[in-house]
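This briefing covers one small sheet and the helices that pack on it. The model and its sequence are shown first.

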Amino acid sequence: MAISIAWRTGVNMREFAFYGPEFLPFTQVILQNAQLSHLSDLGVKLVRLYAVHARNGVNENVDRVRRALNLLDRHDMQGIVCLTDALGSAFIVRGDEPYHTQVHGHFDKRYWHESRFRESYLPQVRALVTALSDHPGLLMWELGNEIAIHPQPASGADADAFFNFAREISGLIKGIAPHNLVSTGLVNTNHIAAAGRRDQDARRLYALPTIDAISIHFYQHDGERDHAALDLQVAREVDKPFYIGEMGAFHDAVDRVTYYRDEIAAWRAAGAFTVLPWAFDTSPIDVGIADTLAFAARFPDFPLLREVIKSFAVAVARFYLPRPEPEPQPTPPPLDEPKGAVLDPLAGGKPPIATKRFVVTAAALNVRPTPSLNSQRIGLIAHNAEVIVDADTRLEVDGFVWWKHDRGWSAERTLNDGMVLMVEVAG
């Protein structure tokens, strides 16, 4: 089934999940709400953000991204979550440092050839997707930011190694969360194709059933826009949505107001579902989250760029992939009788079971055989459906509150950050 995503405006805020002096010394966590309130006034619906910081372990990154998605959700926005930076920034998976040794800190291609991504990156991806796949603030996962093959030139074996990585990781994500969108985060396929083989490598990558959307990046000065034509052509051939994941210009190099307006209009007309300017920031001074390419308040064209973004905003619903109807589940055997219970003769000699009634508020609620994120999902319960749970089965496991019902176990909510999947109702 072809995926069609309606137009919506958005911005990049790479560091958004990591605001605060422990990661960015000149930022405060309160800046997150300030940024989103400003974007809400502009009608923005998407934020692209990075999912990891090299100082963090797996669980700390999951917690940071969950909090960021909670904030987006409260502002009626969604996030495009980039799973690592291919360049040598702070926003890489801890443990991958030895492989960021090429120009600008890019991965060395042995990362793909030797499957080094399985050491630290893959466990981080599994943890993030397992924990956050049902979050209403999530639009899409990106495999990484601007992955490229280095050193150049790329051989056929190099391109094959990257393809195998993309197939394995996108397949992992889809295996955990078939209802989540997956993209690459590429500048364009010129960066991961063998010399003389770009057409073939682009079509092979984008034909993967586990890659849902096509990413394009360009800046006014870098010439990458000219290389994007093939990716656009292949997107149309395979009937998959595409988007401009990054774009921008140096604040003092061109008339950015005209440039942004013209580029957004052109790519929207070509069928992109969004165009995301680089590095939004409302801070009046440099706090370390906006470079000279940024859409930032400290540059004089900020008020006019705001009006450009606002002029392209539309009222649009969040996007979620359609989910299959939950499969009917066999009726489970009755719960064991509690020892010492007083039997009710009107109930056929069995003790009455106290229950609670919930209504699903998530897009869909996972059913698992045990109360754990590590157990395999065995079903889904639709949004607004009722769930009757055994009132004596409440457990706190993996950061969630769990309840047992007639189909298995489901989570009610998180313990720490207020994410709610179902709510108790009277009766």
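**Central strand and its sheet**

In this predicted model, strand E7 (residues 242-247) is largely enclosed by the rest of the structure, because six of its six residues are buried, that is, under 20% relative accessible area. E7 belongs to an open sheet of three strands in the order E6-E7-E8, with parallel pairing. E6 and E8 are the edge strands, each pairing on one side only. Direction ignored, neighbouring strands of this sheet are turned by 20 degrees against each other on average.

**Strand pairing**

- Strand E6 (residues 214-217) pairs with E7 in the parallel sense, over four bridges.
- Within this pairing, Ile216 stands opposite Ile244 in E7, and Ser215 has Tyr243 in E7 as its bridge partner.
- On the E8 side, E7 runs parallel to strand E8 (residues 275-277) and is joined to E8 by two bridges.
- Met247 has Pro277 in E8 as its bridge partner.
- In general, the strands of a sheet pair through backbone hydrogen bonds.

**Crossovers**

- Strand E7 is reached from E6 through helix H7 (residues 229-238), in a right-handed β-α-β crossover.
- A right-handed β-α-β unit is also made by E7, helix H8 (residues 256-270) and E8.

**Helix packing**

- H7 lies across E6 and E7, and runs at about 165 degrees to E6.
- H8 packs on the sheet and touches E6, E7 and E8.
- The direction of H8 makes about 165 degrees with that of E7.

Conventions
Residues are numbered from 1 along each chain as its sequence is written. This is a predicted model: local features need pLDDT of at least 70, side-chain atom pairs count only at pLDDT 80 or more; totals for chains, interfaces and linings use all residues. Side-chain values use heavy atoms; hydrogens and water are left out. Buried means under 20% relative accessible area, exposed over 50%, partly exposed in between (1.4 Å probe, protein chains only). Two strands pair if DSSP finds at least two bridges between them. A crossover is right-handed if, with the strands pointing away from the viewer, the path from the first strand over the helix to the second runs clockwise. Axes are lines fitted to C-alpha atoms, for helices over the stretch in contact, and angles run from 0 to 180 degrees between N-to-C directions. Contact means heavy atoms within 4.5 Å.
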